[in-house]
Structures are given as C-alpha cells and as structure tokens.
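Work through the exercises below with the sequence and the model at hand. Each task is followed by a solution in steps.

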Amino acid sequence: MEYDGANQVNEQTMCLCGRIAAMRTAWTENNPGRRFLGCSYYGRPDACDYFKWVDHPLLHPRYKSVINGLLRNDNREDVLEKKWQRIVFYHRLVLAIVVLVVVLVHYVL
Ligand SMILES: [Zn+2]
C-alpha cells in the first residue's frame, strides 16, 4: 500500500470495524522497522482489512540494507547465545558428575 502521509495518526484512529486500530511494526525485508496501523483483531477471523502506514517509507536502499543487516546480526548473536548456554549447561553437568563421583569415592572407600 502506498504511503499517504498518515504519520500524524492519533491514538484514536479507527479500523473498518470501528475498533481502535493497533500500531504494529513490520519486519519484512522491504519495510524493516516501519510502523503501521491495522485491525486490533488481526489474525482473527472477524478482523477487517484496515491497513495504514505510520512511518515514512525507507527511501534510501542503504537504510534497508543496514537495518536488515543489523536484524541478521541480532539473530546470529541469538544463535550463539543459545549455543553458549548449552556449552555452559554441559560443563556444569560434567562438573556436578565429577564432584558426585569424588564425594562417593571419598565416603564409600
Ligand atoms: Zn478492524
């Protein structure tokens, strides 16, 4: 949908079914981080098709590529963080087993 200068929306903008429109943020390749208004029932069968951009389009392709690059970096860090947490978990598990064995050996022998 084309941008029609709707960024001066107030919080009482109504959707087609008469509810206060909900503001959301698009994270698509073409509109990363761009806010829009939509039906607050979006995703439900009784939602309407109301849609209106709030932010100006990202005119310079460079902005898009920078934001998309940052988003990909975030995702990469997220994956690394999960891997790191798994490594820490297994190290602690191994340490706990070693301590258990040492304590058992100490008291049994
Ligand atoms: Zn609606």
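**The annotated segment**

The UniProt annotation "transmembrane region", from an unreviewed entry, covers residues 89-108; UniProt positions are given in the numbering used here, feature names are shortened, and annotations may be inferred rather than shown by experiment. Residues are numbered from 1 along each chain as its sequence is written. This is a predicted model, in which local features need pLDDT of at least 70 and side-chain atom pairs count only at pLDDT 80 or more, while totals for chains, interfaces and linings use all residues.

**Exercise 1.** Determine the helix and strand content over residues 89-108.

Solution. Helices (H or I, at least four residues) and strands (E, at least two) are DSSP runs, numbered from the N terminus. Over residues 89-108 the chain is 100% helix and 0% strand. The C-alpha atoms at the two ends of this stretch are 28 Å apart.

**Exercise 2.** List the elements of the protein chain in order from the N terminus.

Solution. The protein chain holds one helix and three strands. Their order from the N terminus is β-β-β-α.

**Exercise 3.** Work out the order and pairing of the strands in the open sheet.

Solution. Two strands pair if DSSP finds at least two bridges between them. Strand 1 and strand 2 are antiparallel and share six bridges; Thr25 has Arg35 in strand 2 as its bridge partner. These two strands form a hairpin with four residues between them. Strand 2 (residues 32-38) is joined to strand 3 by three bridges, again antiparallel, and Leu37 has Lys52 in strand 3 as its bridge partner. The result is an open sheet of three strands in the order 1-2-3. Strand 1 (22-27) and strand 3 (51-53) are the edge strands, each pairing on one side only.

**Exercise 4.** Compare the span of helix 1 with the expected value, and state how many of its residues are buried.

Solution. The expected span is 1.5 Å times one less than the number of residues. Helix 1 has 48 residues and reaches 70 Å from its first C-alpha to its last, close to the 70 Å expected at 1.5 Å a residue. A residue is buried if 20 or more other C-beta atoms, placed from the backbone, lie within 10 Å of its own (exposed: 12 or fewer; partly exposed: in between). The number buried among the 48 residues of helix 1 is zero, so the helix lies largely in the open. Of the 109 residues of the protein chain, 7% count as buried.
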